Amino acid sequence: MTPENISKTHKKKAQEITFLRMVVGAALLIALTEAVIMVKTIGTERTIVMPPNIEKSFWVSSEGVSKSYLEKMAYFYTGLALSSTKSVGEYQKTMFLQYASPDKRGKLTAEMNARLEFMEKNATSTLFSPDGVKPDEKLMRVAVFGTLETYVQDRRISAQKVIYVVAFKNVNGTLFVNEFKETNEKDMFGVSTPAK
């Protein structure tokens, strides 16, 4: 091999190494771009949920929930808490507390137990007939208003118009009940009403 051939071979190998470095650099740049895109899109997915009768769809994401989902869930939880008898009360309490916010579970359990003890002691049952709901998406609160009827055995002893607020907490796309209390028309969402 002549010095000229060695120089050409060396130059050719240097060009190949430079080309391979550019390919590796481009691959690293593409991988870095994909990583940045993945980090930005984590948690932005929405799950589309269709109710059984398909009258409205609603969505849930890690950053929020749709207004219709808040309405449906508040309606459901209010029914669990307020339409109850001695025989199904424990089951409804268990279902309600399944989705209680972990940091408020103790308080909500105490409130549900007090309601059940009162019903047992006085042989009462309650029936809540909702007239409507009013959600506040920013506060994650829904005011449910309607008539709460109280029965002793088979006799209705009272029927009163009431407003209850269900406050929610969104934890990674799962909606937890954070607060459940009676409110009034002046403070429908229970923001300034102290919790009972």
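Begin with the whole chain in a cartoon view: the secondary structure of this protein comes to 4 helices and 6 strands, in a model that is predicted. If you follow the cartoon along the sequence, the elements appear in the pattern α-β-β-α-α-α-β-β-β-β. Colouring the protein by accessibility would show that buried residues make up 34% of its 196 residues.

**Helix H1 and its surface patch**

Select helix H1, which covers residues 3-41, and find Val23 within it. Add Phe19 and Leu20 to the selection and show a surface, where these two residues and Val23 form a nonpolar patch with about 300 Å² of accessible area together. Val23 has a relative accessible area of 41% and is therefore classed as partly exposed, since that class lies between the buried limit of 20% and the exposed limit of 50%.

**Helices H3 and H4**

Next, hide the rest of the chain and keep helix H3 (residues 89-98) together with helix H4 (residues 105-122), whose axes come within 11 Å of each other and cross at roughly 165°. Because of that angle, H3 is roughly antiparallel to H4. The crossing in which H3 passes H4 is right-handed.

While helix H3 is still displayed, pick out Met95, which has its place in this helix. Its relative accessibility of 23% is why Met95 counts as partly exposed. Then bring back Ala81 and draw a distance between the two C-alpha atoms: Met95 and Ala81 are 14 residues apart in sequence and 9.6 Å apart in space.

**Two loops with positive phi**

From helix H4, step forward to Ala123, which lies in the loop between H4 and strand E3 (124-136). Which sign does the phi of Ala123 have? The value is positive, near 50°, in a residue other than glycine. Ala123 is partly exposed, with a relative accessible area of 38%.

For another such backbone conformation, move to Gln153, in the loop between strand E4 (141-152) and strand E5 (155-171). Gln153 is not a glycine either, although its phi is positive at about 55°. Is Gln153 buried or exposed? With a relative accessible area of 70%, Gln153 is exposed.

**Strand E4 and a distance to Leu127**

Stay with strand E4 and select Thr147, which is found in this strand. Thr147 is buried, because its relative accessible area of 17% falls under the 20% limit for that class. Add Leu127 and draw the C-alpha to C-alpha distance, which is 8.1 Å for this pair, although Thr147 and Leu127 are 20 residues apart in sequence.

**Salt bridges**

Now show the side chains of the charged residues, among which the count comes to 7 salt bridges. Side chains of opposite charge can pair when their charged atoms come close.

Select Lys161 and Asp131, whose side chains meet in a salt bridge with an N to O distance of 3.0 Å. This pair links distant parts of the chain, with Lys161 in strand E5 and Asp131 in strand E3, 30 residues apart. Lys161 itself is exposed, with a relative accessible area of 63%.

Go on to Glu179 and Arg141, where the side chains meet in a salt bridge at 2.7 Å, again taken from N to O. Here too distant parts of the chain are linked, as Glu179 belongs to strand E6 (residues 174-183) and Arg141 to strand E4, and the two residues are 38 residues apart. Are Glu179 and Arg141 buried or exposed? Glu179 is buried, and Arg141 is buried as well.

Then centre the view on Arg156 and Glu149, whose side chains form a salt bridge of 2.9 Å between N and O. How do the partners stand in accessibility, buried or exposed? Arg156 counts as exposed at 51% relative accessibility, whereas Glu149 is buried, with a relative accessible area of 11%.

As a last selection, return to Arg141 and Glu179 and add Lys181, since salt bridges that share partners join Arg141, Glu179 and Lys181 into one network.

Definitions and conventions:
Residues numbered from 1 in each chain as written. Predicted model: local features only at pLDDT ≥ 70, side-chain atom pairs only at ≥ 80, totals over all residues. Heavy atoms only, no water. Patch = residues over 30% accessible without salt bridge, like charges linked within 9 Å, V, L, I, M, F, W, Y side chains within 5 Å. Areas by Shrake-Rupley, 256 points an atom, 1.4 Å probe, with all protein chains shown as cover. Salt bridge = Lys/Arg side-chain N within 4 Å of Asp/Glu carboxyl O. Buried < 20%, exposed > 50% of the residue type's maximum accessible area, 1.4 Å probe, protein only. Axes fitted to C-alpha atoms, helices over the stretch in contact; angles between N-to-C directions. Parallel < 35°, antiparallel > 145°, perpendicular 65-115°, else oblique. Left-handed = near helix turned anticlockwise from the far one by under 90°.
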